[in-house]
6 protein chains.
Amino acid sequence: MPLFDLPLADLRRYTPAVAEPADFDDFWSATLAETRGHALAPVFEPVDIGLELVEVFDVTFAGWAGEPVRGWFMAPAGRPGPLPCVVQFQGYGGGRGLPHQWLYWANAGYAHLFMDTRGQGSGWSVGHTPDPAGSAPAHPGFMTRGIEDPETYYYRRVFADGVRAVEAARAHPRVDPERVAVTGVSQGGGITIAVSGLVPDVAAAMPDVPFLCDFPRAIQITPKDPYTEIVRYLTVQRDKVEAVMRTLSYFDGVSFARRAAAPALFSVGLMDMTCPPSTVYAAFNSYAGADKSIIEYPFNNHEGGGAFQEREQLNWLRARK
Amino acid sequence: MPLFDLPLADLRRYTPAVAEPADFDDFWSATLAETRGHALAPVFEPVDIGLELVEVFDVTFAGWAGEPVRGWFMAPAGRPGPLPCVVQFQGYGGGRGLPHQWLYWANAGYAHLFMDTRGQGSGWSVGHTPDPAGSAPAHPGFMTRGIEDPETYYYRRVFADGVRAVEAARAHPRVDPERVAVTGVSQGGGITIAVSGLVPDVAAAMPDVPFLCDFPRAIQITPKDPYTEIVRYLTVQRDKVEAVMRTLSYFDGVSFARRAAAPALFSVGLMDMTCPPSTVYAAFNSYAGADKSIIEYPFNNHEGGGAFQEREQLNWLRARK
Amino acid sequence: MPLFDLPLADLRRYTPAVAEPADFDDFWSATLAETRGHALAPVFEPVDIGLELVEVFDVTFAGWAGEPVRGWFMAPAGRPGPLPCVVQFQGYGGGRGLPHQWLYWANAGYAHLFMDTRGQGSGWSVGHTPDPAGSAPAHPGFMTRGIEDPETYYYRRVFADGVRAVEAARAHPRVDPERVAVTGVSQGGGITIAVSGLVPDVAAAMPDVPFLCDFPRAIQITPKDPYTEIVRYLTVQRDKVEAVMRTLSYFDGVSFARRAAAPALFSVGLMDMTCPPSTVYAAFNSYAGADKSIIEYPFNNHEGGGAFQEREQLNWLRARK
Amino acid sequence: MPLFDLPLADLRRYTPAVAEPADFDDFWSATLAETRGHALAPVFEPVDIGLELVEVFDVTFAGWAGEPVRGWFMAPAGRPGPLPCVVQFQGYGGGRGLPHQWLYWANAGYAHLFMDTRGQGSGWSVGHTPDPAGSAPAHPGFMTRGIEDPETYYYRRVFADGVRAVEAARAHPRVDPERVAVTGVSQGGGITIAVSGLVPDVAAAMPDVPFLCDFPRAIQITPKDPYTEIVRYLTVQRDKVEAVMRTLSYFDGVSFARRAAAPALFSVGLMDMTCPPSTVYAAFNSYAGADKSIIEYPFNNHEGGGAFQEREQLNWLRARK
Amino acid sequence: MPLFDLPLADLRRYTPAVAEPADFDDFWSATLAETRGHALAPVFEPVDIGLELVEVFDVTFAGWAGEPVRGWFMAPAGRPGPLPCVVQFQGYGGGRGLPHQWLYWANAGYAHLFMDTRGQGSGWSVGHTPDPAGSAPAHPGFMTRGIEDPETYYYRRVFADGVRAVEAARAHPRVDPERVAVTGVSQGGGITIAVSGLVPDVAAAMPDVPFLCDFPRAIQITPKDPYTEIVRYLTVQRDKVEAVMRTLSYFDGVSFARRAAAPALFSVGLMDMTCPPSTVYAAFNSYAGADKSIIEYPFNNHEGGGAFQEREQLNWLRARK
Amino acid sequence: MPLFDLPLADLRRYTPAVAEPADFDDFWSATLAETRGHALAPVFEPVDIGLELVEVFDVTFAGWAGEPVRGWFMAPAGRPGPLPCVVQFQGYGGGRGLPHQWLYWANAGYAHLFMDTRGQGSGWSVGHTPDPAGSAPAHPGFMTRGIEDPETYYYRRVFADGVRAVEAARAHPRVDPERVAVTGVSQGGGITIAVSGLVPDVAAAMPDVPFLCDFPRAIQITPKDPYTEIVRYLTVQRDKVEAVMRTLSYFDGVSFARRAAAPALFSVGLMDMTCPPSTVYAAFNSYAGADKSIIEYPFNNHEGGGAFQEREQLNWLRARK
């Protein structure tokens, strides 16, 4: 795929004036208050999957509306802690998978909580968390569920779950609550940014090729799913353009980035057709935390840096924990 | 697309032994009883869309769980009735659209109720009926929502809605309840067969290139959506094969066809990759009603007979009403 | 599909200097004179397709070279008129179909003439009008038939047919000749503009996502058929570029728009890859009639407004008839 | 592409009972008589394209209805003859191209006439012969032009042209009329077979991966153009199946092969999706001439043997001339 | 993708008579003797990638022709051994990647050697081992390099490397040489089978959806790379069919399976278009070891069981180590 | 395909500052010196392929590292010479094919040497020249073989071969060494430019839609192979960007064009997605020879002018020979 977005020099200074509703903070305060009205009730059920070096737990905690959210919690076997912890969010369509797929952070000496994304997990990586909420007519996928109103939008529930995942990690006796970082690829990167804005005292944020940023531009320039689910929805629900744009303004990564404070390591693929580089830079350039950097992969599409970026993250995080 | 299914002679006698759970009838009796536990409460709101020859009503009735289901009701302007009525169900992904898209039956002198399909209607034709039920992780689309259990499967709600649509039509003062026919294309044809099996006294059934029949074969031979949503779900949820096949056995058009009694006019595209001809013949050959016929379109894919079949339907129905 | 054409602000003022041959008006005067040298001889054969609310007639009239052109004529049953009338032209590749597919305008109280497009009607909607003229080597499709000379170009015959369709409608005793509007989608929109320029006293023009406008730009920016038939023709007939551009200059919607006078309602899909929005705006901005408006569908590709636009058209036309 | 047709052993004995109308021979006698009612009037205009070893002539002769058909005639420079001659027909969509593309046979010491295919020649190789006949609604391409009746079918004109091309070659003073062979690839192979059946005294026939054979099977098993033009036509013109099959029965290569007598060298690609091997074998196995052979390319799709087969042809023809 | 191969019952007993050259064993004895003529010279260079639970080594050993082959060796930190060891081979196009991508076996208490595949590793996972041998003209990819002769075929070098990888693992002081298992996915599964046949005393073999089995059938039935590289090569190198088939007969997994003795766990995707199930069953059914089993994934394409199969492998291997 | 590159006016003056390493000339001097350290040893083996007008020879000469490179040499039969000669290079993936495919120049009175491209010739036209050099991990294809260092890059060997092909032609007794021109399409055009820069006294250069020019821009703007092989390589070998760009700077057609002196005829397709017009103009505008011209094909993709351009070349060359 060729370069299709802004020239690199422009990307590096691209800071769009993404509109924010006046009640953005109220909306999210209310959302979190409502969520926290339910007891977090984290459960860490040990599971034996034959590993000797890490301990694995099947996690359940109360997410949005007190609904159970699943995840995996892993830690180096026999280390009492307190350990620094990495909370990780999954890419679009995937679920928490099987725990042995996520051994990196525990092997590096971290506690690690991998959160399932509600409703997802039958697209390419298995998941186990229902999304009990139905919706008005929506395009197949998750991008347009409840999109006619911020109150009912799918990502309201997911971002609330993400905040609770950090709280669940912090509640674990082996975790040092001061040293909980958040990370994720693509949608996982989008959730990372949202959580960083909603929980400004996380220790670090490492969004990889993040999704869910600068919606107004994203849906106009990318021909690829999942942003285009919104486009296709609007090709049918032609009278919902205004309502949809209003809803999205409550969920834009740019707005969350403006509220974030933690040290941050971003990554971007300069040929990324799925999460175009301008939308990633929109969030990065708006990111309020002072200690921030971004790694550019000049010829990569949405696969971004992959394992190379994981290597960078560990080095970067070690230098900060 | 070339012929890819059984030879024509074999299609015409293909009657697979699609398995039926012992409690099939109990399951559906309970489902309908539960549904009917809510008042039908049909509302017919007149809407002025500028037409002079037909009267148009925005319909709402209580479907599954008493949840509101929308539709359009149309009748020749100024005709008091009692009129024969055609209840129509929509194809996969579409909604009830705008009422002026469905003028055929009213112009032919029938009352006509076009039912919205819950949750759908943002894929290619606009819809307005929510599906309030969420689900466990599911593949994008509707085919695998709640598929881990017959109680929660999406089509349980849809088929119950379909039965209620017939009841809503019968409740209209201008409709002759003895002369209510059901019809639909693709998914609409699948709902038609289901309703014919659940409401054996409908006056006629006209399923066009019906979907949702002979699942065990369908998911093995077609490379096309939406049957393949189930396949892709199982590529991820690898340990759910048995549960999924069990669930589907409560929803197979073949089983409903075995219980149907009304005169029926089917159609089939012999090059249909989406609803392969063997799966259509599976339902047709199992159809219990004595007055049945099928029109073969030898070179058509899933578009089937289109307007040609509508012409056939009117002629066929007139001869029977 | 992403936005790929000019920014919206530029679209709205895009008025290209599409070149016009000096004898443009002479060419078309001669063409119409020649056409009118044959008696129009409209025949309206009643056909019974089982409808009770509208009367249906199989129309034949003499088009280009006196050759028979078919169509459907429909009117509210039992209304003597004089009625306002809508003449409709079909999209590329389609034919007049079956009459029950076009019930909208008659149901709204209009007479309605749906013209078949010569030679077309085996691509997606059935047609019945031959095109007796052969051609020099041409690319499959209709875009390059006879394109080496304006005298022999396919659309010379089609636009002449379109003018005659208006005359046939006006000749019907139930039609008020002062109130004949023209409309159509895509190619039908292109014919609409051409007829509006050639018959400036039509009562209204409603081109939807029109095709056949601003050829010089269109063939350079769209990767989609049918404009690209011309491109592919020129990849083979490499020495015909000049001749082709000359021919097209006699058929450009921009030039017809400059001569039109009737009130007009356009539509445009801002993500339309088939009829790019700049080419639609080229015609709209050049349209000479003072009472003109355009409806933008910001996220639609070539499907444009679909049934939503039909609804708009009826409201708009009622306000003017 | 994988093997998709019959097993090789079955291919080698596949001899379908392709139906033949009772008046097949009468139809073609009448067609040729009508064609020959016009003077052949071959014109060989020398053209200088800068070659020194061969002489090149722009050929025009009277084909079907006396209409001018173009071609190139080439012969070794300065050789008075009489020379053996190869008449070659072009593949679907292509025209006669530029003469320097066809130097093989002249370099091998043959006279060579390359016939343009009427109407074609804007798809991939340039052509210059018009097809003056129009048609009823047809699918883009040439396969369905006039297909509703054998009298009007496009290939009636083309096959008549092919017969006249042999006659034009025989009329050239440097050609030995006893030693005129016919050849062509794909559609060119189909014309080769037709001409071999209509002019049984040609000296040799060399059809390469021939098209236009065993239509009833071809249109049921291949997913590729151009056979599928017929399929797509029938998806729209649903009531023309019988008429189309009747028309094709006058044009099937199998029937022409039954009437051929000349020595023949066929080729077939066993993975040919465009001209499936069974349809080639259908013609080969039906071929009446005693001296026949076929070269199998086991892993080739429709490209067949390409230059390898040309090499085979020269060796084979030399052994027979 | 639908089922496209033999019915399941036939798959389970499919045992093709894949031809074997008389000197198959001599060829491989000579190959290994030649390889072993170079000192193995394994080097295990410790690398610090920030992990605390496993020790990581950059491995180099002498493969075919004494050429250096790279890999990663990992073992639980601080465990002296002797440990059981898993030697893993990579899928087609990939390289050894970064070591933190392969933590599973070490976390389960095994030593683990992941072998780079020579020349590969720029397709989807990074590699670092050159293939110093050039080749005659070959199709892009590795399947046809040197394919004109078994002596020069690419997989001769790769399989020799695979044997040496087992020897390198056995040479490590922390590895118990009696307990070295081999495994891999796709191409890695094909190498696994080859090594199992060439080193019959490996402790276990776990080929996942293996490639490189039953070539004669594979290249006839799959439309997908990489088997089709051979098909495309033969479409050009038309006179090499016999030579290619001869070469492949020295490299067929079926022949290696006939010589294997270790306990084996296979897996197969019943909808696998890349490594069709019949070719997997061809190897499995021919596998000579008595303790063998296979896990069927009925709806999976080439992704097979993925992480589910890894889970199965660990359970199966634990029960045997 | 639409226009996607710079506007035409900008193309015509586009002269990028493609970076050149300081030792560019030294690198190539050393390369040629090393190559010429081996005796050229041209062998011209007569082959009888049944042609009477041209004599055909199977050529072998010593290319890079003295390795044998094959080709075809053809000349008008019986002409002693000295003849002007055209040396032709092949497009990417193809080989020298069969000699009867290249009769044009010999028929025009020229000697003609068609060089095989080492290693290629199993993609679409058969080749017979091995490339004995292996490589570090590379992406399938030839673009990234040895790309980590200019010393080992594949095109170092190919360009050296090209220089030697000119020398082999000049060494033939029937060739006038003063009148040797070079030409080729796509990759053949790229080699043409390289040879023109390395052998400035060739008589003429005729690069058609040349490849291998302005790499820095090419790999950023085209979505098509083969330039994208480099992009995909870098998506995996993420840490090789700098090394790759350095290597390519020794092989850029722009740099060779700056050193060329011969009269030159270029061609360019303005819709060429494979070799974008800006990259062709980059070389053309940098071309140092004073007598240069370029033919633009405004609507052609990478097929460019095809036979039309061959016709132009002959006329142009005749005017200069």
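The exercises below, each with a worked solution, concern chain contacts and one residue in a predicted model.

**Exercise 1. Describe the contact between chain A and chain E: how many residues take part, and how much area is buried?**

Solution. Begin with the residue count, which is 24 residues from chain A and 24 residues from chain E. Turning to area, chain A and chain E bury about 2000 Å² between them, and 60% of this lies on carbon and sulfur atoms. On the side of chain A, the residues that lose the most area to chain E are A:Glu52, A:Leu53 and A:Asn107, which together account for 29% of what that side buries.

**Exercise 2. Find the polar and charged pairs across the interface of chain A and chain E, and state which elements of chain A supply its side.**

Solution. The first step is to count salt bridges, of which the rule finds 4 across this interface. One example is the pair formed by A:Glu52 and E:Arg79, whose closest N and O atoms are 2.5 Å apart. The next step is to count polar contacts, and here the rule finds 11 residue pairs, both residues being at pLDDT 80 or more. On the side of chain A that touches chain E, the elements giving two or more residues are α3 (104-107) and α11 (307-318) of chain A, and α11(A) gives the most, with 6 residues. Sorted by class, that side has 14 nonpolar, 5 polar and 5 charged residues.

**Exercise 3. Work through the contact between chain A and chain B in the same order: what are its residue counts, buried area and polar pairs?**

Solution. In this contact, 29 residues of chain A meet 29 residues of chain B. The buried area is about 1800 Å², with carbon and sulfur atoms giving 56%; of the area that chain A buries against chain B, A:Ser122, A:Pro137 and A:Val236 supply 33%, more than any other three residues. The count of salt bridges between chain A and chain B is 0, whereas the rule finds 14 residue pairs in polar contact, both residues being at pLDDT 80 or more. At least two residues each come from β6 (131-135) and α7 (227-236) of chain A, and the largest share, 5 residues, comes from β6(A). By class, the side of chain A that touches chain B has 12 nonpolar, 14 polar and 3 charged residues.

**Exercise 4. Which turn and shift lay chain A on chain B, and which turn and shift lay chain A on chain E?**

Solution. For chain B, a turn of 180° with a shift of 0.0 Å along the axis lays chain A on its copy with an RMSD of 0.0 Å. The two copies are therefore related as by a two-fold rotation axis. In chain A, the C-alpha nearest this axis belongs to A:Gly134, 2.1 Å from it, and the same surface serves both copies, since 100% of the contact residues of chain A recur in chain B. For chain E, the superposition likewise takes a turn of 180° and a shift of 0.0 Å along the axis, with an RMSD of 0.0 Å; again 100% of the contact residues of chain A recur in chain E.

**Exercise 5. Is B:Ile221 buried or exposed, and which residues does it contact beyond its neighbours in sequence?**

Solution. Locate B:Ile221 first: this residue is found in helix α6 (residues 215-221) of chain B. Its relative accessible area is 18%, so B:Ile221 is buried, the cut-off being under 20%. Leaving aside its neighbours within four places in sequence, B:Ile221 is in contact with B:Phe4, B:Asp5, B:Pro276, B:Ser278 and E:Pro2.

Conventions
Residues numbered from 1 in each chain as written. Chains lettered and ligands numbered in written order. Predicted model: local features only at pLDDT ≥ 70, side-chain atom pairs only at ≥ 80, totals over all residues. Heavy atoms only, no water. Contact = heavy atoms within 4.5 Å. Buried area = accessible area lost by both parts, 1.4 Å probe. Salt bridge = Lys/Arg side-chain N within 4 Å of Asp/Glu carboxyl O. Polar contact = N/O pair within 3.5 Å; in protein donor to acceptor, adjacent residues only side chain to side chain. Helix = DSSP H or I, 4+ residues; strand = E, 2+ residues; numbered from the N terminus. Nonpolar A, V, L, I, M, F, W, Y, C, P; charged D, E, K, R; others polar. Least-squares fit on C-alpha atoms with pLDDT ≥ 70 in both. Buried < 20%, exposed > 50% of the residue type's maximum accessible area, 1.4 Å probe, protein only.
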